[in-house]
Amino acid sequence: MGAPRCTSCSKFVPIELGEPEISETEIDEENNIIGQVRLIKNCGECDQEMAEAYVDVEIEVAERCKCDTTLEVDEETAESTDEGGGRYKKRMIGADLTYTLSCPECNKTFTATGHVEEAAGNFDDCQ
Ligand SMILES: [Zn+2]
Ligand SMILES: [Zn+2]
């Protein structure tokens, strides 16, 4: 498979990873973080989005206070990761996720981290 062709600048281009986008974050009854991350491949020439993959997030919040309330999400960050791609290992594109949560009752804060990834070949072309 050769380099993909960008629909915007019409060149065969190298791919750059876009900023992963976190969405639909919720905390369920068991204090797990549920959500979704959109992973993006961009054109290396003009930054046009070329392909995307949606992956589900499920992260257990290990630590919490004794209050009987649902934690709130204060901050969520995602950093793109790019692994493998050698002869023996599939290339995996993903994101390292960090969520900062707080308890609305006692104001304690908690941090939860996780990782999501998708095989580079499983991305769908952006329309
Ligand atoms: Zn382009
Ligand atoms: Zn609390």
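This passage describes the fold, the sheet, the nonpolar core and a few individual residues of a predicted model.

The overall architecture is a good place to start. The protein chain contains 8 strands and 0 helices, and from the N terminus on its elements read β-β-β-β-β-β-β-β. The chain is more spread out than a compact globule, because its radius of gyration is 18 Å, well over the 14 Å that the globule rule gives for 127 residues. Along the principal axes, the C-alpha trace spans about 55 × 30 × 15 Å. Buried residues account for 20% of the 127 residues. Of the contacts between residues at least 6 apart in sequence, 59% join residues at least 24 apart.

Attention turns next to strand pairing. Strands of a sheet pair through backbone hydrogen bonds, in either a parallel or an antiparallel sense. In this model, an open sheet of 3 strands follows the order β5-β6-β7, and its pairing is antiparallel. Its edge strands are β5 (72–83) and β7, each of which pairs on one side only. From one strand to the next, the twist averages 15°. Within this sheet, β6 (residues 92–102) and β7 (residues 109–119) are joined by 11 bridges in the antiparallel sense. These two strands form a hairpin with 6 residues between them, and N107, located in the turn, has a positive phi of about 65°. Two bridge pairs help to locate the register on screen: A95 is partnered by V116 of β7, and L101 by F110 of β7.

The nonpolar core gives another view of the strands. In soluble globular proteins, nonpolar side chains tend to be buried together. The largest nonpolar core here has 17 residues, of which V37, L39, A95 and L97 touch the most other members. Two or more residues come from each of β3 (32–43), β4 (49–60), β6 and β7, with β6 giving the most, at 5 residues. A95 thus appears both in this group of core residues and in the bridge to V116. For L39, the contacts beyond its neighbours within four places in sequence are P20, E52, A53, V55, I93, G94, A95 and E118. This list includes A95, another of the core residues that touch the most other members.

L101 offers a closer look at strand β6, in which it is found. Is L101 buried or exposed? With 23 other C-beta atoms within 10 Å, L101 is buried, since the cut-off for that class is 20 or more. Once neighbours within four places in sequence are set aside, L101 is in contact with V61, L71, E72, V73, D74, T109, F110 and A112. F110, its bridge partner in β7, is therefore also one of its contacts under the C-beta criterion of 7 Å. The C-alpha atoms of L101 and T70 are separated by 9.9 Å, although the two residues lie 31 residues apart along the chain.

Finally, two residues stand out for their backbone angles. S10, in the segment before β1 (15–17), has a positive phi of about 60° although it is not a glycine. N31, placed in the loop between β2 (21–27) and β3, is likewise a residue other than glycine with a positive phi, near 65°. As for their surroundings, S10 is exposed, with 10 other C-beta atoms within 10 Å, whereas N31 counts as partly exposed because it has 17 C-beta neighbours inside 10 Å.

Terms used:
Residues are numbered from 1 along each chain as its sequence is written. Chains are lettered from A and ligands numbered from 1 in the order in which they are written. This is a predicted model: local features need pLDDT of at least 70, side-chain atom pairs count only at pLDDT 80 or more; totals for chains, interfaces and linings use all residues. Helices (H or I, at least four residues) and strands (E, at least two) are DSSP runs, numbered from the N terminus. The radius of gyration is taken over C-alpha atoms; the globule rule is 2.2 Å times the number of residues to the power 0.38. A residue is buried if 20 or more other C-beta atoms lie within 10 Å of its own, exposed if 12 or fewer, and partly exposed in between; C-beta atoms are placed from the backbone. Two residues are in contact if their C-beta atoms, placed from the backbone, lie within 7 Å. Two strands pair if DSSP finds at least two bridges between them. A nonpolar core is a set of buried Ala, Val, Leu, Ile, Met, Phe, Trp, Tyr and Cys residues joined through C-beta atoms within 7 Å. Axes are lines fitted to C-alpha atoms, for helices over the stretch in contact, and angles run from 0 to 180 degrees between N-to-C directions.
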